Amino acid sequence: MKKGKPATAVTASAPLLPAEIELTAPMLHANLTLVETADADLMEELLADLRVGPLLVARLSECVAVVPADKSPELHRWLLKAGHTPRVLDEKQRNDQ
Amino acid sequence: MSRLTVYPTLDEYERQLPDFADRLAIISSDKLKKMARVWVGKDAYKLNKESAIQTLKRSLRDPKAIRQLAENLTAVERDGLMLMKLRGRRVAYIEELAAELVMLHPIPPHPKTGYRAPVSHYERLNEMLERGLLIRCDRRNEGIGNSYYSYYNSCEAVAMVADFFQIIKITPPSALRLSTITETVAAVSRRPSELLLELTSFAQAFDRLGSLSLTAKGLYANPSIAKLNKLLGWSRAEERDHQPAKLPSLEFYLQLFLAANLLKANYSSRAITANPEHDISSVLEEPFPIQARLWAQAYRSLNRWVECIPHGASFYPNESLGRTKFNGIRAALLLSLGLLPDPAAWYRIADLSELMRDRIGRHFALGYKASYHASWNATPEKQAEALVKYETEFLANWQQREHVWIEQAFRGPLFHLCLVELAQEPKSKSQTPTLFRLSEAGRAALYDIFRQPAKPDGNATPTIQSGRQTCWIVQPNFEVIVYLDQASPRQLGFMERIGTRQKSDATIAVYRLTRESIYFALENGIAGEQLLQTLESGSQHSLPPGVERTLSDWTARRDRLTVRFNARVIEFSNFAERDAIIKKNKIKGIAIGERFLLVEEKEQAITRSLHLGGTINYQSQPRGSLVVNDDGTVLIMPGLQDLLVIGELSAFAEPGSDIAIWRITRKSVQAARDRGWTAEDIINRLNRRTTTLLPSFLKFAIKAWWGNKTAPGPTSIATPPLLQTSTAEVADAIIECSFVNPYLLARIGTCAILIKPDSVKALGKLLDEYGFAVGKEVLLPAAPPPEKTK
C-alpha cells in the first residue's frame with residue numbers, strides 16, 4: 001500500500017456564541033439545522049472529527065451546534081460514516097403531518 | 001415513445017358508474033325491446049320506444065322487478081352475473097369476464113357448416129350488453145370488439161346496470177371432463193410461509209422506500225427501482241424475449257400489490273404509494289387460505305408483467321396500462337381450476353390445456369387467430385381441404401403459443417403463489433413437471449368459492465397462526481434463525497425491519513442484527529424497549545446477555561445525539577429576557593444555552609405571541625452581511641448578523657476590537673490552511689457573504705498568504721533604462737534593426753522600449769552614429785491645442 005500524507009479536511013472552530021448581545025427585539029431563526037448532543041464531551045468529539053467537525057460552524061451552547069444549509073444534506077451521511085447513530089427530527093415533516 | 005395510456009382503476013370505475021337510464025334515449029327501439037324482454041318477457045315486443053324506455057327505467061328502480069328478473073335470465077347471463085358477484089363488485093374487466101364466459105359457455109359450431117364461426121371471444125359478453133344487463137364503462141353503446149374505432153379506444157371495464165347480487169346465487173358450474181392421474185413422482189409444493197416471507201419482505205421494503213417514482217411517461221424511474229431492489233436484495237428481471245419470467249421479481253410483486261389495491265399509482269404526481277384505504281399488515285395477517293383468494297384475484301388482473309411471451313404473441317407493457325389478452329387467458333385458466341371434477345386429484349397440464357383449447361381456442365388467441373378461408377364457389381373437396389388447413393394451423397398455433405403459456409403459468413406464478421402443487425409422471429424422461437393439483441390454498445381461493453362463503457367460519461384453522469409465539473433463536477453472534485412455519489406475518493415483518501436477511505429456504509430464514517439495521521429500525525419508528533421486548537417474546541430461549549447489552553447500547557447511543565432539520569430558534573439579548581418570556585408562558589420551548597429557545601410552534605403562532613425584530617431564514621442562500629475591504633478588514637453590518645457568520649469568520653479571520661470587526665491576515669489565513677482550508681474555500685465563503693464585490697487585491701493576498709505560487713505570481717519593482725521615440729515607426733525601425741536588437745529588453749509601448757541596463761552607453765553611441773539624436777529628458781506627449789472660442 002502506498003504511503004502518503006493523509007487526506008486533510010477542513011477542521012472546525014465552531015465558536016460558542018456570546019452569552020449577551022444587543023438586540024432591539026428577539027430574532028427568529030428559521031429552518032436551522034442543529035446538532036444536539038447529550039453532553040459536552042460528545043460535542044467535542046464531533047468537533048474533533050475530521051469529517052463532521054467542519055460542518056459545525058457555530059455553537060448555541062456547549063451541546064448544540066449549528067450547521068449551514070449547504071452542508072445539511074451531507075451531515076447525516078458523515079455522522080453515520082463516523083460511526084454515530086443520530087436521532088433525526090425534521091420539524092417540517094412533523095408540521096406537515 | 002409516447003406517454004402510457006392510463007385507465008381508471010376498478011375502484012374509480014365503481015365510483016363513477018355510468019347511469020344506464022340516461023343512455024336509453026339514444027338506443028334504437030329494437031335494442032330497447034330486447035332489453036325490456038329481460039324484465040317483462042315476451043310482452044316487451046308490444047312496446048314502442050318510449051314505453052320501452054319507461055319500462056326499463058321503472059324496472060331498474062323496482063326491487064320486486066329485480067327479484068323477478070332471475071326467471072328471465074339465460075344460463076350465460078346467470079353465470080355472468082355470478083362471476084361478477086364473486087368479484088364482490090359491480091364492475092369487471094372486459095378481457096377477464098369475456099374469456100370466463102366463453103370458458104363456461106363455449107360458442108357452438110354453425111348448425112349447417114359444422115365449424116365455429118369466426119366470432120370474437122367477446123361474443124357472450126356482447127350478448128349481456130345487448131340484453132341491457134351490463135353497460136360499458138366508457139359510455140359507448142356498441143358491442144366490444146365490433147368496430148375498427150372501438151379497437152383503438154378499447155373499453156377496459158363493464159358494469160352491472162343495477163344491483164343484481166341479491167338475486168344471484170353462487171352455484172358450482174358443471175365440472176370439466178378431465179382424467180385424473182393416480183401415480184405421481186417427485187411432487188413439489190411451496191410452503192405458504194415462503195410466500196409470506198417474500199410478501200412481507202416486499203411490503204417492508206416498500207414501506208422503507210416510502211414511494212416509488214414514475215417518469216413523465218409513466219414508467220418506473222430507474223433510481224427508485226434500484227433502491228427498492230437494493231432493499232429487497234432481489235435481482236432485477238432481465239430483458240427476455242421468449243424466456244419465462246423468473247420469480248420472485250420486483251416487477252411481479254409491484255404489479256401484484258397494485259392489482260390487489262394495496263398500492264396506488266398516481267400518474268399526475270408520478271408516484272406509487274401505499275393505498276391508505278387498505279392496511280397491508282392486516283392483509284398479511286389473515287389466514288393464508290383467505291389471503292390466497294386476494295392474491296389469486298390480483299394475479300388475474302395484474303398487468304405490465306407476463307409469465308412468458310410465446311412465439312407469435314405480443315406484449316407491450318410500456319404502451320398501455322390496460323388489461324390484455326394475457327389477463328383473459330389467466331381468467332380462463334383460474335376459472336378452469338375451479339371446475340375440476342376432484343379438487344384433490346392430480347391432472348395433466350396438457351389435458352387441461354387441450355380442454356381450454358376446445359372451449360375458447362377458436363375465438364381467443366394471444367396472437368394471430370387462424371381462420372377458415374374458402375371461396376364462395378369452392379367445391380366440397382376444396383372446402384374440406386381448406387378446413388383441414390385451418391384445423392392444422394389452429395392446433396399448431398395453440399400448441400406453440402397458448403399451451404406454452406399455460407405450462408409457464410403453472411410452473412411460474414401459480415406455483416409461486418402456492419395455488420398448485422406440481423409433479424412428474426412416472427417413467428417420464430423429462431425432469432419438468434407435467435402434472436398439477438390444487439394446493440390447500442388453491443382449493444380455498446379457486447374451487448371452494450363456488451361452494452362456500454368467502455369468509456371463513458369459526459372452525460377454519462389458519463395455516464399460519466397469528467399472534468405472538470416463539471419462532472426464532474437469537475444467537476450470541478447476532479444472527480437470528482427464524483422458523484418460517486411458526487412465525488406470523490407480523491413477526492416476519494418485525495424481523496425484516498430490524499435485521500438484514502442473510503439467507504432463507506423453505507423452512508428457515510437467517511437474519512443478522514447490525515448496528516445499521518437496528519438504527520434504521522429505530523429511525524423508522526420502533527421504540528428501543530419495544531424492540532427488545534418483541535425480540536425476547538418471539539425467542540425460544542432468553543436473549544444472550546451480550547446481544548441484549550449491545551442492543552441496549554445501540555439504542556442508548558441514538559439517544560445521545562439528535563439532528564434537527566428545519567428547526568426554529570428564537571434569539572434573545574440575554575438570559576433574563578428569555579426567562580421572562582418563558583415565565584409568562586407566551587411561548588413554549590426548550591432553552592438552549594444562555595439566550596436561545598428552541599420552539600416547535602409555527603412562525604405565525606410565534607409572531608402572534610411575541611413581538612419579533614425579524615426572521616432569518618437559513619434555507620436559502622446566506623444573506624450578504626459583510627463589508628470586506630482591500631486591507632482585509634471585515635465588517636459585519638449592523639442588524640444583519642446571523643448565527644453562522646461569526647463562526648464562519650473565525651475559521652479564517654482574527655477578531656477585532658469589536659465583535660462586528662474582523663481582520664483577514666497572513667497569520668489567520670495560514671492558521672486556516674493548517675486546519676485544512678484552501679484559498680478557494682476562504683474566497684468562496686467570503687463571496688457568499690459580501691454585500692459588494694470582493695476586492696481583487698485581497699483575493700490575491702489570500703492566495704499569496706496561503707502559499708499559492710501561481711497567483712498573484714511574481715512581481716517586481718525595477719528601474720530599467722527606457723528608450724523613447726517620437727513616433728511608432730521609429731520604434732519599429734529600431735526593434736527591427738538586427739545589430740540594435742541585441743541591446744534591447746522589451747517593447748512596452750508604441751514609442752517606448754526597455755533597454756538592457758549594461759547596454760546604455762553602447763546603444764547611445766550606436767544610435768548617435770546613425771543620426772538618432774539621443775537626449776536624456778523624458779519625451780512627454782504634446783499638449784492638445786487650445787479650443788477656439790467664438
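Leaving aside neighbours within four places in sequence, which residues is S573(B) in contact with? They are A19(A), E20(A), I21(A), E22(A), L23(A) and R595(B). Please keep in mind that this is a predicted model. Below is a short tour of that serine, then of an alanine in chain B, and finally of the nonpolar cores.

**Around S573(B)**
- S573(B) sits in the loop that links β15 (561–571) to α24 (575–583) of chain B.
- Its relative accessible area is 7%, so S573(B) falls under the 20% limit and counts as buried.
- The serine side chain comes to 3.3 Å from the backbone oxygen of L23(A).
- Another of its contacts is R595(B); the two are 22 residues apart in sequence, and their C-alpha atoms are 6.6 Å apart in space.

**Around A36(B)**
- A36(B) belongs to helix α3 (residues 29–40) of chain B.
- This alanine is buried, with 0% relative accessibility.
- Beyond its neighbours within four places in sequence, A36(B) touches G41(B), A44(B), L47(B) and L56(B).
- P63(B) lies 27 residues from A36(B) along the chain, with 16 Å between their C-alpha atoms.

**Nonpolar cores**
- In soluble globular proteins, nonpolar side chains tend to be buried together.
- The largest nonpolar core here holds 168 residues, and F164(B), L337(B) and F410(B) have the most contacts inside it.
- Helix α10 (residues 192–209) of chain B supplies the largest share of this core, nine residues.
- Outside its neighbours within four places in sequence, F164(B) meets W39(B), I66(B), L69(B), L81(B) and L133(B).
- Another core, of 25 residues, lies apart from that one and includes V628(B), V645(B), W662(B) and A679(B).

Methods:
Residues numbered from 1 in each chain as written. Chains lettered and ligands numbered in written order. Predicted model: local features only at pLDDT ≥ 70, side-chain atom pairs only at ≥ 80, totals over all residues. Heavy atoms only, no water. Core = buried A, V, L, I, M, F, W, Y, C linked by side-chain atoms within 4.5 Å. Buried < 20%, exposed > 50% of the residue type's maximum accessible area, 1.4 Å probe, protein only. Helix = DSSP H or I, 4+ residues; strand = E, 2+ residues; numbered from the N terminus. Contact = heavy atoms within 4.5 Å. Polar contact = N/O pair within 3.5 Å; in protein donor to acceptor, adjacent residues only side chain to side chain.
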